[in-house]
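Student: I'd like to learn how to read a model like this one. Can we go through it feature by feature?

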Amino acid sequence: MSVPDARLALPVRGRSAARGRGRRRRRGRLPLSVALSAIFLLAAIACAVAPGLLAPQDPALIDPASALQTASDAHLLGTDALGRDVLSRLVAGARSALVGPLILTTATVLLSTFLALVAGYLGGWFDAVVSRVADTIYALPALIVTIVIVGVFGGGWWLAIGVLVLFNMPTGLRILRAAVIERRDLPYVEAARTIGVGRWSIMTRHLLPNLEPLIVTCFFLGFTYGMVELSALSFLGLGVPPGSPDWGRMLAENRVQVSQNAWAAVAPGIAIVATVLSANILGGWLYEQLERRKRER
Amino acid sequence: MTGKAIATFLARRLAAAVLVLLVVSVVVFLLIHLAPGGPEQAVGGEFATPQQLANIRASLGLDDPLAAQYWQFLSHAVTLDFGSSIATREPVVDAIRSGLGVTAPLVLVSFLLICLIGTALGTLAAYRAGGPLDRATVGLALVGASAPAFVTALILLTIFGVQLQWLPVFGDGDGFVERARHLVLPIATLTIAGTTAMLQITRTRVKEVLGEDHVTFARARGLSSRYVIERSVLRNAGIQIVTRSGTIVVGLVSWGLLVETTFGLDGVGSLLVKAINARDIPVIQGVTLLIAAFIVTVNVVVDLLYFALDPRVRMQREVRA
């Protein structure tokens with residue numbers, strides 16, 4: 001099976017930025033792009049936590065009389081085909097947009113960290129089996145397999161999350177496994193082994209803390225993957241149930257009327273891109289910071 | 001490089017490919033049995049009476065042993081006979097064939113554009129690393145990588161189809177010219193999605209290779225930049241770029257499905273989406289097997305390209321063979 005090595009699975013920005021930009025910029029100064037990303041993500045989280053406070057109107061209120069209006073003072077982003085306020089649905093949709101990827105990436109990172117530690121440190125047949133399975137999964141088109149499984153078994157949001165955890169696992173596994181292998185024969189691990197520290201302790205207390213920057217990277221990477229995949233699923237009608245405010249679903253439902261009120265479909269699209277982009281930028285920056293702190297210590 | 005080594009390698013790869021396809025065929029065959037309510041429910045629909053279900057069982061041979069059923073499925077599948085669609089009664093092969101009329105040009109043209117634009121921009125960016133072109137491409141690639149294909153599709157559709165009205169936004173058009181016009185925006189979407197990945201890998205690898213000793217030496221010998229890039233740098237960066245091309249092609253199938261749905265194209269991807277929504281098992285089986293065969297083929301081609309590109313791989317194989 002043809003697969004790139006773990007080094008290449010790392011986001012390009014993470015490495016090049018850490019090398020080039022780090023020295024030129026004075027430390028402690030927050031780059032503008034990072035600040036904007038953080039603000040946007042915080043706003044999205046606020047919308048997800050308290051949609052009722054932030055949405056100008058009831059996102060589920062159907063008002064056929066004012067269907068498909070363009071942007072106005074009453075409806076800043078206009079209304080959809082059922083007369084629901086697009087902005088309010090956008091705010092309410094933040095919850096399903098953030099919660100799904102969060103659950104997905106948490107489960108994925110836990111699974112891939114565990115497998116990477118055990119496979120990378122112990123090696124042997126377990127490593128061979130895990131790597132082989134991960135390579136095979138990596139070569140499959142995640143989206144297509146997920147829609148076939150979810151479709152045939154009759155939908156189910158949790159089923160989709162479970163399948164996607166399995167499909168997103170290899171990316172993190174490779175990055176982390178390579179890091180474990182790089183470190184397992186370093187003097188501090190060797191020293192721990194010599195004084196008789198158990199295998200499990202070495203993995204959790206000596207190796208795991210040193211993987212922190214990479215785990216953060218994997219978390220953000222997994223979040224962006226999950227966001228794209230889950231919104232694609234609901235765009236195809238296989239994620240959240242119909243009628244619930246969800247960015248992918250809004251995009252699918254409102255794209256037919258794009259000539260009447262383009263914002264109804266374009267705004268959730270922009271929201272998805274902005275969230276993914278912010279998570280990418282913030283993840284890259286955090287990695288850079290954590291790596292530098294490790295080196296300076 | 002002896003012909004025998006190539007033949008051995010090819011034979012081994014093909015055997016592995018056939019094995020993978022057999023495993024996939026078992027999974028795809030079992031799909032129909034794993035569906036809730038069993039295959040007769042999937043075929044007959046929710047409201048089928050017990051009598052109808054029994055008839056369906058008999059006509060599909062569902063009372064035979066599982067192994068006999070699989071053999072039946074497999075022997076039909078190798079002759080490309082996947083039965084008929086439950087929804088339209090059309091033979092699955094015919095539906096796939098007409099879908100390929102849209103999907104094949106969509107994926108092929110996009111892939112060619114991705115290779116051209118991605119490697120060219122990536123090489124240029126790496127060559128002038130840190131310059132304005134480099135920073136601009138890296139920034140754009142980050143935005144591009146953050147945009148799911150269906151969002152890019154929708155934005156292009158809104159701007160060029162609805163606001164400017166330059167291009168058609170829906171359907172696949174009849175005749176060559178009309179079809180081409182209908183495919184411009186979908187191809188643009190896929191090209192944007194794939195180019196970012198291609199650009200990133202090319203830029204990273206070319207930058208690495210540019211720093212290696214043999215490039216410095218080639219320059220010291222007074223070889224032209226163009227010669228160095230073409231003969232030395234790209235060839236060395238080639239393995240990773242080819243590997244990535246393989247994953248991009250596989251990705252194009254997934255993204256293509258979203259793009260076809262967005263633009264209302266009747267390609268293989270939207271055939272699969274429709275079949276899933278209608279629980280049309282024979283179509284799902286046919287399309288899934290086709291996609292699996294495609295992916296396996298891509299992987300074999302990628303391995304063969306390693307051979308062509310890297311003499312070190314050839315030597316290794318020869319020693320081992």
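Student: How many helices and how many strands are there in chain A?

Tutor: This is a predicted model, and chain A has 13 helices and zero strands in it. Going from the N terminus, the elements read α-α-α-α-α-α-α-α-α-α-α-α-α.

Student: What share of chain A is buried?

Tutor: Of the 297 residues in chain A, 48% are buried. As for contacts in chain A between residues at least 6 apart in sequence, 72% of them link residues at least 24 apart.

Student: Which element of chain A has the lowest mean pLDDT, and which the highest?

Tutor: Start with the predictor's confidence, given per residue from 0 to 100. Chain A averages 81, with 88% of the residues scoring at least 70. Helix α1 (residues 6-9) of chain A is the lowest at a mean of 43, while helix α11 (residues 212-235) of chain A is the highest at 91. Residues 1-23 of chain A have pLDDT below 50, and beyond near neighbours in sequence that stretch makes 46 contacts in the model.

Student: How many residues does each chain bring to the contact?

Tutor: Chain B brings 42 residues and chain A brings 38. On the side of chain B that touches chain A, α10(B) gives the largest share, eleven residues. By class, that side of chain B has 25 nonpolar, 14 polar and three charged residues.

Student: And how far apart should the ends of α6(B) be?

Tutor: Count 1.5 Å a residue: the 15 residues of α6(B) should span 21 Å, and its end C-alpha atoms are 21 Å apart, so the two agree. Buried residues in α6(B) include D134(B), T137(B) and A141(B).

How values were computed:
Residues are numbered from 1 along each chain as its sequence is written. Chains are lettered from A and ligands numbered from 1 in the order in which they are written. This is a predicted model: local features need pLDDT of at least 70, side-chain atom pairs count only at pLDDT 80 or more; totals for chains, interfaces and linings use all residues. Two residues are in contact if their C-beta atoms, placed from the backbone, lie within 7 Å. Helices (H or I, at least four residues) and strands (E, at least two) are DSSP runs, numbered from the N terminus. Ala, Val, Leu, Ile, Met, Phe, Trp, Tyr, Cys and Pro count as nonpolar, Asp, Glu, Lys and Arg as charged, and the others, Gly among them, as polar. The expected span of a helix is 1.5 Å times one less than its number of residues. A residue is buried if 20 or more other C-beta atoms lie within 10 Å of its own, exposed if 12 or fewer, and partly exposed in between; C-beta atoms are placed from the backbone.
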